[in-house]
Amino acid sequence: MNSMDQAAKGTPGLVLITDMPDIASRELRNPEETLDWVGMGEVHQPLRIRDDGNVREVQARVQIYVDLADPQAKGIHMSRLYLILDEHLETRPLSVAGLKLLLASLLESHRGLSDRAFVQFDFDYYLRRRALVTENSGWNAYPVSIKGTHIDGETHVELAVGVHYSSTCPCSAALSRQLVQQQFDRDFGSTGEVDVAAVREWLGSEQSFVATPHAQRSIARVLAKFDHRLEHFPVTKLIDAVEDAVQTPVQTAVKREDEQEFARLNATNLMFCEDAARRVKSALERESRLIDYWVRVEHHESLHPHNAVAVLTKGVDRGYLPIP
């Protein structure tokens with residue numbers, strides 16, 4: 001038979017091609033250019049992630065690349081990237097060791113073509129959160145990214161999380177208190193003496209409610225690089241650290257008791273974006289395994305049509321750059 005063999009019996013008429021052209025494997029006639037990264041973005045992939053002692057399932061969007069270091073090569077083996085990614089994630093939960101093994105497998109599959117490898121997983125991470133006072137609970141979604149990079153013989157693993165919270169403006173709170181004082185003077189200033197019961201009734205009425213401080217939904221984004229001791233991804237621990245720092249994370253299921261406690265927490269945690277950024281920095285400094293971090297805090301203003309932003313880094317040599 002020639003290369004156009006008949007297919008296996010049971011599928012009459014189907015032609016099996018045994019000699020197929022491979023354009024990507026052909027060398028270029030003249031040396032061209034190397035490429036920093038070639039691969040795939042927005043690969044939809046379910047996976048299990050090892051979060052300290054727990055394993056959770058997520059639906060990820062994946063970027064996976066290698067460089068093209070051979071100027072004579074026309075391209076990389078794109079299908080190998082996908083098949084290796086799928087095999088690794090199908091057979092084991094994603095851990096730090098597993099991520100490093102995945103990067104090594106990508107390079108091995110492109111020996112002679114590539115010296116670098118990169119993979120990034122982006123997904124929403126769901127955690128069940130208790131209400132502040134009542135026994136209710138609900139699911140909160142946190143944007144999470146896990147990155148693995150192999151460059152110049154070194155492998156780096158990074159974890160990024162986003163945490164939404166409420167921020168009440170200290171300036172607005174002070175201005176609101178002043179207006180309440182002025183209204184109190186108008187209502188009670190001429191009497192000379194103040195009846196406690198009357199003041200208490202006044203405080204609970206709309207008459208005293210002349211101004212309220214403005215608050216906004218805010219987000220703290222943290223990108224963290226860990227040392228070699230890291231075995232699993234501390235996703236929940238990092239999220240908890242940020243929420244504990246800001247004290248006013250957004251809520252899920254709430255009754256009136258929970259909403260009242262949320263209002264109290266906002267009043268006792270007045271924050272400019274600078275305040276929130278410093279709180280997060282203090283929390284991250286207590287994590288001994290963190291060798292570097294980058295933080296961006298955004299307060300989505302209700303007073304202005306723009307956002308208030310603060311950015312900081314750990315400030316280590318050759319670490320993250322302090323850029324927005």
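**Group meeting: salt bridges, strands and rings**

Okay, let's start with charges: there are 11 salt bridges in this structure. Keep in mind that this is a predicted model.

The one I'd open on your screen is Arg129 with Asp240, where the closest N and O atoms are 2.7 Å apart. Arg129 sits in strand E5 and Asp240 in helix H5, residues 235-246, so this contact ties together parts that are 111 residues apart in sequence. What about burial? Arg129 is buried, at 18% relative accessible area, while Asp240 comes out partly exposed at 27%. And there's a third partner to click on: Arg129, Asp240 and Glu243 are linked in a network of salt bridges.

Next one, Glu285 and Lys314. Here the closest N and O atoms are 3.3 Å apart. Glu285 belongs to helix H7, residues 273-285, and Lys314 to the segment after strand E10 (307-313), so the pair ties together parts 29 residues apart in sequence. Glu285 is partly exposed, with a relative accessible area of 40%, and Lys314 is partly exposed too, at 27%.

Then there's Arg296 with Glu298, a salt bridge at 2.7 Å, N to O. Buried or exposed, these two? Arg296 is buried at 18% relative accessible area, and Glu298 is buried at 9%.

Right, on to the strands. We've already met E5 through Arg129. E5 covers residues 117-130 and runs antiparallel to E6, residues 137-151, with 14 bridges joining them. If you want a register marker, Asp124 stands opposite Pro143 in E6. The hairpin from E5 to E6 goes through 6 residues.

E6 also pairs with E7, residues 154-168, again in the antiparallel sense, over 8 bridges. The marker there is Ser145, which stands opposite Ala160 in E7. This hairpin has 2 residues between the strands, and Asp152 in it takes a positive phi near 55°. And a general reminder while you're scrolling along: in a regular strand the side chains alternate between the two faces of the sheet.

Now rings. Searching the whole structure turns up 6 aromatic pairs. One of them is Trp37 with Phe118, a tilted pair, 6.0 Å centre to centre with 55° between the planes. Trp37 is in strand E3, residues 35-51, and Phe118 is in E5, so the pair ties together parts that are 81 residues apart in sequence. Trp37 is partly exposed, at 34% relative accessible area, whereas Phe118 counts as buried at 14%. Add Tyr65 and you have one aromatic cluster: Trp37, Tyr65 and Phe118.

There's also a charge over a ring to look at. Lys225 lies over the face of Tyr320, 5.2 Å from the ring centre.

Last stop, cysteines. How many disulfides does a search of the whole structure find? The count is 0. Take Cys169: the nearest cysteine sulfur belongs to Cys171, and it's 5.2 Å away. The cut-off I'm using is sulfur atoms within 2.5 Å. Cys273 is no candidate either, because the closest cysteine sulfur, in Cys169, is 10 Å from its own, too far for a bond. Both residues sit out of reach of the probe for the most part, if you like to check: Cys169 is buried at 11% relative accessible area, and Cys273 is buried at 8%.

That's my tour, so over to you.

Methods: Residues are numbered from 1 along each chain as its sequence is written. This is a predicted model: local features need pLDDT of at least 70, side-chain atom pairs count only at pLDDT 80 or more; totals for chains, interfaces and linings use all residues. Side-chain values use heavy atoms; hydrogens and water are left out. Two strands pair if DSSP finds at least two bridges between them. Helices (H or I, at least four residues) and strands (E, at least two) are DSSP runs, numbered from the N terminus. Rings of Phe, Tyr and Trp (its six-membered ring) pair if their centres lie within 6.5 Å; planes under 30 degrees apart count as stacked, over 60 as edge-to-face and the rest as tilted. Buried means under 20% relative accessible area, exposed over 50%, partly exposed in between (1.4 Å probe, protein chains only). A charge sits over a ring if NZ of Lys or CZ of Arg is within 6 Å of the ring centre and within 35 degrees of the ring normal. A salt bridge is a side-chain nitrogen of Lys or Arg within 4 Å of a carboxyl oxygen of Asp or Glu.
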